[in-house]
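Me: I'm new to this one and would like to get to know it step by step. Could you walk me through it?

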Amino acid sequence: MSALTSNGMRHRRLAVEGAVEFVPEVFHDERGDFASPYQEHVFAGAVGRPLFPVAQVSRNVSRRGVVRGVHYTLVPPGTAKYVYCAAGRVLDMVVDLRVGSPTFARWEAVELAADTARAVYVPPGVGHAFAALEDGSVVSYLLSREYRREHELTLSVFDEEIGLRLPSGLGPLVLSERDRRAPTLGEAAARGLLPEYTR
């Protein structure tokens, strides 16, 4: 974790090239708590540029055991995400799917929770998935592009070549039909469905 900034936010580069975790200070009092999961100057210092112009804000609500992903977009056009958990808890996972990246096929998981207000920056071409650890978990996204179904791709969260470790004890996992039938990394590569790495 990097040094604490003057406003109390920390950041840490993840094992996936370009992905960064942000940890704001959470202020508690008798009313509850307050945190700022996104702070422009900290983001710019960590990533080397300001946040992308936000084209869409999305959120989903999931019950315990729901797994969403691994979702990604081809580059170009590519979609960057800034993700945080507004309620509940999730295990958030980023996977480098960019052909030519120095961290290709590497992944890292970070627990995001409402009480910590942690956030993750996901660069274009990096896959994103999460497993809901509590009922009513709300994941919110700032997106650099509006959702276009034809640009959205998915990769199997169970792909042994990637080796994601889902939390044990969640009970039966709940996935969409699309995510359940998603190709492996090798299958996606053979079909030319993986994004190219760009600096």
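Me: Over how many bridges do strand 8 and strand 9 pair?
Reply: Happy to start there, and please keep in mind that this is a predicted model. The two strands pair in the antiparallel sense, and one opposing pair is V94 with E108 of strand 9. Strand 8 and strand 9 are joined over 7 bridges.

Me: What is the strand order of the open sheet?
Reply: The open sheet has 5 strands with antiparallel pairing. Its edges are strand 9 (107–113) and strand 13 (152–154), each pairing on one side only. Neighbouring strands are turned by 25 degrees against each other on average, direction ignored. Read across, the order is 9-8-11-6-13.

Me: Which residue takes a positive phi in the hairpin of strand 1 and strand 2?
Reply: Strand 1 (residues 10–13) and strand 2 (residues 20–23) run antiparallel and are joined by 4 bridges. Within that pairing, H11 stands opposite F22. The hairpin has 6 residues between the strands, and the one with a positive phi, near 90 degrees, is G18.

Me: Which residues does L155 touch, leaving aside those up to four places away in sequence?
Reply: L155 is among the residues with the most contacts inside the largest nonpolar core, which has 21 residues. Strand 6 (67–73), strand 8 (89–96), strand 11 (126–132) and helix 3 (185–190) each supply at least two residues of this core. The partners of L155 are G69, V70, Y72, L97, I162, A182, P183, T184, L185 and A188.

Me: What is omega for the cis peptide bond that joins G69 and V70?
Reply: Most peptide bonds are trans, so a cis one is worth a look. V70 is placed in strand 6, and V70 is also one of the residues with the most contacts inside the largest core. For the cis bond from G69 to V70, omega is about 15 degrees.

Me: And what is omega for the cis bond from V75 to P76?
Reply: P76 is placed in the loop between strand 6 and strand 7 (81–87). For this cis bond, omega is near -5 degrees.

Me: Is A117 buried or exposed?
Reply: A117 lies in the loop between strand 9 and strand 10 (119–122), and its phi is positive, near 60 degrees. Its relative accessibility is 6%, and buried means under 20%. A117 therefore counts as buried.

Me: What does A105 count as, at 22% relative accessibility?
Reply: A105 is found in the loop between strand 8 and strand 9, with a positive phi near 70 degrees. Its 22% falls between the cut-offs of 20% and 50%. A105 therefore counts as partly exposed.

Note on methods
Residues are numbered from 1 along each chain as its sequence is written. This is a predicted model: local features need pLDDT of at least 70, side-chain atom pairs count only at pLDDT 80 or more; totals for chains, interfaces and linings use all residues. Side-chain values use heavy atoms; hydrogens and water are left out. A nonpolar core is a set of buried Ala, Val, Leu, Ile, Met, Phe, Trp, Tyr and Cys residues joined through side-chain atoms within 4.5 Å. Buried means under 20% relative accessible area, exposed over 50%, partly exposed in between (1.4 Å probe, protein chains only). Contact means heavy atoms within 4.5 Å. Two strands pair if DSSP finds at least two bridges between them. Axes are lines fitted to C-alpha atoms, for helices over the stretch in contact, and angles run from 0 to 180 degrees between N-to-C directions.
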